[in-house]
Amino acid sequence: PTLKLVQDNPCLTELITSVLALPEPSPSILSFTLRLAGMLAASEDCFQHLQQEKLLGRLFGEDGSLNSVVWEDASVRSGWVEGVRNMMHHQPALHFLCSGGGIDVIFTLQGDPSLFVASAASRLLVHMLTFSLESEMTKPLSAKDCDWPVCAQMIIKRIEDSLQSSSVSRIKQSLKLLTSLFGCCHAPWTEVLWLGVAKQVESFLTEESVQAQHMLADLLLNVARSPVFCDTEGSFWALVTSALEHLTPVQAGPLAVGILRLHKCPQNVRIQALTVLLQPMDCILRAASQPLEYAGLLDESVTDPATVESVLSSKSSCASLLCQTLGHLEELLSLMHLPVDLPYTSLLRSLITILQFCNGLLIPAYPLGSKISQILIGCFRVQRSALDVLAVLSERKGCDTLVESLFDVLLAYLESPNTNPTVLKKSFQAASKWLVCLPEMSRFNSQWQTKKILQDVFLVLQKRLCSPCWEVRDSSLEFLTVLIKGLRDQDEFRQTLLSSEVPRLTEDLLEDPESYVRASAVTTAGHLTFITYFAAESPVIGSQYNKENTVAKLQEILSTDPEGFPRRAVISVFTKWLRQGYAGLLQDREQFVSRVIQIAESDLDWEVRLGGLELVEVFCVQTLCRLGRPKCPYAPLSSAFTSSVGQHESLQIFCQAKLFGFLFHSLCDCDRPVGQKACDVLLALRSSFYPSNTLKDFQETGDSPAGHGIAWLQRTLRQGSLAQNFPSGSGNEIDFQDPESMLLALGTIDLEELHDDLNKSSDHVEKSPQSLLQDILATVGTVEENEADCY
C-alpha cells in the first residue's frame, strides 16, 4: 500500500518538495526524484495524494523541470521518461499526461541526441498506446477516430501527422515507433491502425526524397509476423510484394529471408521472396559465361536484373550484397525444415563460380563477369561467407553431379600459398563436410573415384602440416581429426591415410614449438590410434608409428609439457580410449590408470586434475560393470556383485590403482570443480557398495573397527585441509590402499554434507556479516581507532 507508506513516512514528500525548492538542483538528484515520484504515483490513491500536494505538475508538467536549465542534462530527461513510465499503471496518470502536454514532450524526445532517452521515449509511447486501448476500450474498434480512446487518438494523430510531414526525421521516428508497436502488440486493433497508415507507408517505397526505405523491411516483417495479418486475402501482402519490387537488392534481402521463414504466407509472396534472395546468385551465374552454358537459378526476375547487375559491378557494394545474400542462404539452409525448395545444383554451381572469381580461377570474357571477377579477387569476406554456405549445403541431396568441380576448387584453395589462414580453415571445414558425405553419394560409389579425391586431399594435407604458420598447422590437424571421426570405418580412407606421410607428420607435431598445435596433435594422434590399432600392420614403410609408441609419447607429454593445453588434451584422449572401449590399447588398464592419475594429481592445471577424475569415473564404471553390476544405476544389484567376493575384488582393483588416495585428496582441492567431481565419484562408488537400506542400517549401528583413522579423515575433510595434513606414520594414519578401510570410509564419512558444502557458492562467505565487517574495517584503515564504532 503505497499511500500508507507515504503517509507514514512524510520525509518522502518532504524530499520531493525540498528538491523542487532548490534554485539549481543537481541533475542526478533531480533525476532520482523524478524516478521516485513516478514509482510512488504508480498507485492510484498515492497518485491522487501527490496531485493534492501539487507535486506531480511541478515535476512532470510544463511548469516543472521541462523549462529548467537542468533539462539540458540527459540524465534529467531520462529520469523524466522513466518516472512517467513508472506511474503509467492507471487511467488518471494517463489523462494527467495527455492533458498536460506530455504527449508532445515524449514525441519530441523520440529525436533526442541521447540514444537511451530516444529509445525509452519510443517504448513509452508504445506502452501508453496499448495501455490506453486495453484499459479504456469497451467495444471492437473501427477506422473512425471517434471510436478510439482520447489518449490513443492523440498518439495516432501525431503518428499520422508525422508520416505526412516533410520532416525526414519525424517520418523515421514514426516508422521506428510503428515497428516497435507491431513487434510487441498483436491485438486485433492493430489491424485498424495499419489500415490508417498503410497508404502513407506504401508511398515511401517510391519517394526517394524521404530515404526511409531501409526502415520499411523491419516494419513490414513485424506486421507480417503478427497473427492478425495471416489472412491471405488482405491488402497487406500486396504491399509486401510491392516492397520486394521497389526496395534495392540490399534493402530487400532481409525482408525476403524474413518472409521465407514465416509459417503462414501466400505461396506467390513466398516465391517472390525466394526470387529476390536468389537474384544476386543468378546474376553471378549469368555473368560467368556468355553465351550461358547452364540454366540460371531463376526463370524470371521480380525486379529489373540490371539493378542487381549494377550493384554487383560496383566496387563499394558488390561484396556487401554477396555477403548479405550468402548469410541469408546459410540461415535458410540451416533450418531443419525448409519452407521452400531451393535449386541446390544451380546454387552449388553459383557458389563454385563465386569462389573461382575470388581466387582468380575464372576470368570470363563477358564485361560484367570480368568486372565482378576484378572486384572479388582476393576478397576474404566473400570467400568466408561462400565457404560457410558450401559447408551447410553438403547436407542437402541432389548435388552429386558437381562434386568433382567442387573439389577442384576446394583443393585449389587448400594448395594456394595466398589463401588467408581464416579462409583456409573455412576451406578445411567445407572439405571435411563434403568428404564425410562422399560415401553416401550415388556418383561416388566406385572406390577409385573416392580414393582419387582422398589421395589429392592427403597430398595437400601433407604440405599444410609442414607450414611455417602455426594456425595453418593447427587447422590441418583439426581437419584430419574430423575426417578420422567421420570416415574411420571406410576402407578406402584407412588405406589412403596409412599409406601417406600424414601419420608420421602428426607424430612429429607432438613436439611442435606452439602449444596449441601440440594439443591438436595429441587429439589427432589419439583418434589416429583407433585406425592404426585395427590395422594388421602399418603400411608405412620404415615408420615407427605404433600404438605403444603413441601411448608412451602421450604419457611423456602429460608428465613434462610446460603448457596446460597439451596436457589437457592427453587426459581427454586417455578418457576417450577408455570410454569408447579401446582398452586393449592400454595393455594393463589398472596399471595405466594408476600411472596417469599419479601424474595428474600433482599437475598445477586444475582442468588436468579434473580430467583425471573423469578418467577415474569411467574406469570405475567399467570395472564394476565387468564384475556384474548392471549398467543402469537404478537397476537392482545382482547377487553376484553384492556378494563379498564381488565387492572385495572391485575394491582390491581400485586400491591397487591408488584411486582412493587421489579421490580423497581431490576433495580438498583448492579449485572447487575438482572437489565437486571427486565427491560425485565417491557418492557413486558408495551407492555401488551400499544400497540405501544397507547404508542406513550401517550408519545406525555406528560400528567402526577402524574408527580412529576414519574419524580423523572425516574431521580433516570438514576442515578442507587434507592436502596439508596427509597422514604420515602418526596414530591417525589411514591406509588408502586397504579395501576394508576404504569400504568403512565410504560408509562412515558424511559425503552428502561435503557435497552440499562444495556446492555452496562463495556468496555464503562473501555476503556474511563477518565478511562485511572485515570489509568496513579494511576500508577505514586503522582498526584500533574504529573497531568499537564499527561493531
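Select Asp218 to begin: at 47% relative accessibility, this residue counts as partly exposed. The coordinates belong to a predicted model. Asp218 is found in helix H13. Leu178 lies 40 residues away from Asp218 along the chain, and the C-alpha atoms of the two are separated by 9.9 Å.

**Helix H13**

Extend the selection to residues 213-225, which form H13. How many of the 13 residues of H13 are buried? Ten are, so the helix is largely enclosed by the rest of the structure. Colour these buried positions: Gln213, Met215, Leu216, Ala217, Leu219, Leu220, Leu221, Asn222, Val223 and Ala224. To see what they pack against, display helix H11 (168-184), helix H12 (189-203), helix H14 (236-246) and H15. A distance query between the end C-alpha atoms of H13 returns 19 Å; at 1.5 Å a residue, the 13 residues should span 18 Å, and the two values agree.

**Ser169, in H11**

Remain with H11 and select Ser169, which has its place in that helix. Ser169 counts as partly exposed because its relative accessibility is 42%. Add Gln110 to the selection: Ser169 and Gln110 are 59 residues apart along the chain, and 9.7 Å separates their C-alpha atoms.

**The H15 and H18 pair**

Two packed helices are described by the angle between their axes and the distance between the axes. Select residues 249-260 for helix H15 and residues 318-333 for helix H18; their axes come within 10 Å and cross at roughly 5°. H15 and H18 are therefore roughly parallel to each other. Show side chains at the contact: H15 contributes Pro249, Val250, Gly253, Pro254, Val257 and Leu260, while H18 contributes Leu321, Gln324, His328, Glu331 and Leu332. Sorted by class, the residues of this contact are seven nonpolar, three polar and one charged.

**Val389, in H21**

Move next to helix H21 (residues 380-393) and select Val389 within it. Is Val389 buried or exposed? Its relative accessible area is 0%, so Val389 is buried. Beyond its neighbours within four places in sequence, Val389 is in contact with Leu326, Leu329, Glu330, Leu333 and Leu351. Ala430 is also worth displaying: it stands 41 residues from Val389 along the chain, with 8.6 Å between the C-alpha atoms.

**Helix H7 and its surroundings**

Go back towards the start of the chain and select residues 91-99, helix H7, where Ala93, Leu94, Phe96, Leu97 and Cys98 are buried. Which elements cover the buried residues of H7? The cover includes H4, H5, helix H6 (74-87), helix H8 (102-109), helix H9 (115-136) and helix H10 (150-164). Just after H7, pick Gly101, whose phi is positive at about 80°.

**Two lysines with positive phi**

Most residues other than glycine have a negative phi, and most peptide bonds are trans. The next two stops are residues other than glycine in which phi is positive. For Lys54 the angle is near 55°, and for Lys658 it is near 60°.

Select Lys54 in the loop between helix H4 (44-52) and helix H5 (56-60). With a relative accessible area of 62%, Lys54 is exposed. Then select Lys658, in the loop between helix H34 (644-656) and helix H35 (659-667). Lys658 is partly exposed, since its relative accessible area is 36%.

**Cys668**

Continue to Cys668, placed in the loop between H35 and helix H36 (672-689). Cys668 counts as buried because its relative accessibility is 12%, below the 20% cut-off. Add Ala678 to the selection: Cys668 and Ala678 are ten residues apart in sequence and 9.2 Å apart in space, C-alpha to C-alpha.

**The whole chain**

Finally, clear the selection and view the full chain. How many helices and strands does the secondary structure comprise? There are 43 helices and zero strands. Of the 791 residues in the chain, 51% are buried. Among contacts with a separation of 6 or more, 69% are made by residues 24 or more positions apart. Switch to a surface representation to view the exposed area of about 37,100 Å², of which carbon and sulfur atoms supply 51%.

Key
Residues numbered from 1 in each chain as written. Predicted model: local features only at pLDDT ≥ 70, side-chain atom pairs only at ≥ 80, totals over all residues. Heavy atoms only, no water. Axes fitted to C-alpha atoms, helices over the stretch in contact; angles between N-to-C directions. Helix = DSSP H or I, 4+ residues; strand = E, 2+ residues; numbered from the N terminus. Parallel < 35°, antiparallel > 145°, perpendicular 65-115°, else oblique. Contact = heavy atoms within 4.5 Å. Nonpolar A, V, L, I, M, F, W, Y, C, P; charged D, E, K, R; others polar. Buried < 20%, exposed > 50% of the residue type's maximum accessible area, 1.4 Å probe, protein only. Areas by Shrake-Rupley, 256 points an atom, 1.4 Å probe, with all protein chains shown as cover. Expected span 1.5 Å × (residues − 1).
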